[in-house]
Amino acid sequence: MRKIFFTLFLMLLTTASVFAQAQVGLRAGANWATVIREQDPPAGVETPWRPGFMVGVATSFGAGEIFSIAPELVFSQRGNNWEEGGVSSSTRYNFLELPVLFRISFGDVLGGYINAGPTFSYLLGGKSDSEDVNFSEIDDPKRWEIGGSLGGGVKLNTGAGTFLIDLRYTRGFSDTFFRDFSGDQESKHQLITTSLIFLIPSVQ
């Protein structure tokens, strides 16, 4: 399945290379994730956001002065916390994400941008407290997820490269596997991510 992501990413790079301005670089940062369930948690149960990290490859392909397409290939750590009556549980999931963002930028040396687009994710694995997730024991693990991202940030063009300080909200639209005390019910991920992106100078 991971080969599919790399193949799709390479196809996006090949297709986007026809644009006049092409940039590639790295993205790294932190995220805070939780899970939206089909039913609200019972009284006395709290589901605080769980911190994690993300790191991956970022690109940008310009199609004019302000518009660009920005595919990424990112390893993202998600999960959630569960607290009830003084008892807590923590779950961590590792995802491979392929966001395809459509970006509008403004400003020259120092400016800003907004971007939005679909996100395709694949669940690599995870751990609930001290227990590893064993997909062979699960009838329907739902490892694929389709979602969407919306956000923006500040960009700085230094001449040696472009820095972007990015703030983003991502929401899963499809049901994904999730293990907790509430049994089998539809669950969707949501996360807030703040990251630093560095892109090398444009290739003309």
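A residue counts as buried when its relative accessible area is under 20%. Glu 97 comes in at 7%, so Glu 97 is buried. Keep that cut-off in mind while looking around this predicted model, because Arg 78, at 1%, is buried by it too. These two residues are a handy way into the structure, and the rest of this briefing works outward from the chain as a whole to Arg 78 and its partners.

**The chain as a whole**

- The protein chain has 1 helix and 10 strands, and if you read along the sequence, the helix comes ahead of the strands: α-β-β-β-β-β-β-β-β-β-β.
- Of the 204 residues in the chain, 46% are buried.
- Look at contacts with a separation of 6 or more, and 69% of them join residues 24 or more positions apart.
- The accessible surface adds up to about 10500 Å², and carbon and sulfur atoms account for 62% of that.

**Arg 78 and its surroundings**

- You'll find Arg 78 in strand 4, which covers residues 67-84.
- Leaving aside residues up to four places away in sequence, Arg 78 touches a varied set of residues, including Ala 33, Arg 50, Tyr 93, Phe 95, His 189 and Leu 191.
- Its side chain makes a polar contact with the side chain of Ser 121 at 3.0 Å, and another with the side chain of Glu 145 at 2.8 Å.

**Salt bridges made by Arg 78**

- Side chains of opposite charge can pair when their charged atoms come close.
- Arg 78 forms a salt bridge with Glu 97, where the closest N and O atoms are 2.8 Å apart.
- Glu 97 sits in strand 5 (residues 87-107) and Arg 78 in strand 4, so this pair ties together parts that are 19 residues apart in sequence.
- Arg 78 also meets Glu 145 in a salt bridge, again 2.8 Å from N to O.
- Because Glu 145 lies in strand 8 (residues 144-157) and Arg 78 in strand 4, that pair ties together parts 67 residues apart in sequence.
- Glu 145 is buried, and so is Arg 78.

**Other salt bridges**

- The salt bridge count comes to 5.
- One of them joins the side chains of Glu 72 and Arg 27, at 2.9 Å from N to O.
- That pair links distant parts of the chain, with Glu 72 in strand 4 and Arg 27 in strand 1 (residues 21-37), 45 residues apart.
- Both Glu 72 and Arg 27 are buried.
- Glu 72 and Arg 27 also belong to a network of salt bridges that takes in Asp 166 and Arg 168.

Key:
Residues are numbered from 1 along each chain as its sequence is written. This is a predicted model: local features need pLDDT of at least 70, side-chain atom pairs count only at pLDDT 80 or more; totals for chains, interfaces and linings use all residues. Side-chain values use heavy atoms; hydrogens and water are left out. Helices (H or I, at least four residues) and strands (E, at least two) are DSSP runs, numbered from the N terminus. A polar contact is a pair of N or O atoms within 3.5 Å; within protein, one must be able to donate a hydrogen and the other to accept it, and residues adjacent in sequence count only if both atoms are side-chain atoms. Contact means heavy atoms within 4.5 Å. Buried means under 20% relative accessible area, exposed over 50%, partly exposed in between (1.4 Å probe, protein chains only). Accessible areas come from the Shrake-Rupley method with a 1.4 Å probe; for residues, only the protein chains shown count as cover. A salt bridge is a side-chain nitrogen of Lys or Arg within 4 Å of a carboxyl oxygen of Asp or Glu.
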